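Q: Could you take a close look at one helix pair and the sheet beside it? I'd like the geometry spelled out, with cut-offs.

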Amino acid sequence: QLAFQFQPIGVFESCFREKHGTPRQGLLAPDTRGRLTLDTGIAHEALDGLEQYSHVWLVFVFHDNNDNQDKAKMKIRPPRLNGQRVGVFATRSPHRPNPIGLSLCKLERVEQRTLHFSGVDLVHGTPILDIKPYHEADALDAETHALRLPAWVQAEQHRTDVCVTMSDDALAQLRHAVEGTKRGLLLYSKLDDVKRAIEQTLALDPRTVHTKQNHSKDGVYGIQFDRLDVVFRVRDQGRELHVFRIVHYDTLAKEASRPQLRTAAWLSSLAQHQQQQQHQQQQQ
């Protein structure tokens, strides 16, 4: 039986630091960012002419899967099917016999060996196997090609984004992270750009189906975004996500000790922080 071995051409740097919160379709959050620097074994001439394209396909490895590939599940519960199962090849699930993915990104610019992207849906550290330019022939006209899609996929096209709001305190914390620290952010240097990217990401509702079905409709959650922890409260039965705290990891040491979000210990420390804030406000 044939077997193949590939070496990544580079490792993706992304504003998404973990699977949780990463969009299923990056172009739905157009201000999200990432970049790829070619491995030293790939000559930079390989990029000649690529700057003439607006979008590219990235072939990558689902490196962050926790499942055993020798026992890959053949039936998957897609998030939009509310628990129903379909065959893995009828989905874009990362849990596949061969954990290979395909992502469409907007190519912003090429700088020597580094490619800069927007509208990304890849996790920081993702190994990239190949780059292929997007061609207009890749877009299928529904009528001309008799395009057929299952009902649950068609329903995704008519989704309603949730409302995203941000407190004055959170906005001030975000501004300080961008403008008031030496280290700043990895992929953003302007407040409006990162604020827009966070809002676009949260508008897609990063909570998992399990969370929505088994936990309180109005709870507190957090996602990692660039060098930030973005903490938000769910309001109005899931129709609003309100960002009330943003934590910036302004040193490598702090980032290395970054707490695991959405755990009992994290919620406890968050509650303690809020109590301290309330106490300080009462003393003022």
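A: Helices α2 and α3 are oblique to each other, because angles under 35 degrees count as roughly parallel, over 145 as roughly antiparallel, 65 to 115 as roughly perpendicular and the rest as oblique. This is a predicted model, where local features need pLDDT of at least 70, side-chain atom pairs count only at pLDDT 80 or more, and totals for chains, interfaces and linings use all residues. Residues are numbered from 1 along each chain as its sequence is written, and side-chain values use heavy atoms, leaving out hydrogens and water.

Helix α2 covers residues 168–179 and helix α3 residues 191–203; they pack at about 130°, with axes 10 Å apart. Axes here are lines fitted to C-alpha atoms, for helices over the stretch in contact, and angles run from 0 to 180 degrees between N-to-C directions. Helices (H or I, at least four residues) and strands (E, at least two) are DSSP runs, numbered from the N terminus.

On the α2 side, L171, L174, R175, V178 and E179 make the contact (heavy atoms within 4.5 Å), meeting L191, V194, K195 and I198 of α3.

Now to the sheet: four strands form an open arrangement in the order β9-β12-β11-β10, with mixed pairing; two strands pair if DSSP finds at least two bridges between them. β9 (163–166) and β10 (220–225) each have a single partner strand, so one side of each lacks a neighbour in the sheet. The twist averages 30° from one strand to the next.

Both helices meet this sheet: α2 lies across β9, β11 and β12 (240–248), at about 40° to β12, while α3 lies across β9, β10, β11 and β12, at about 130° to β10.
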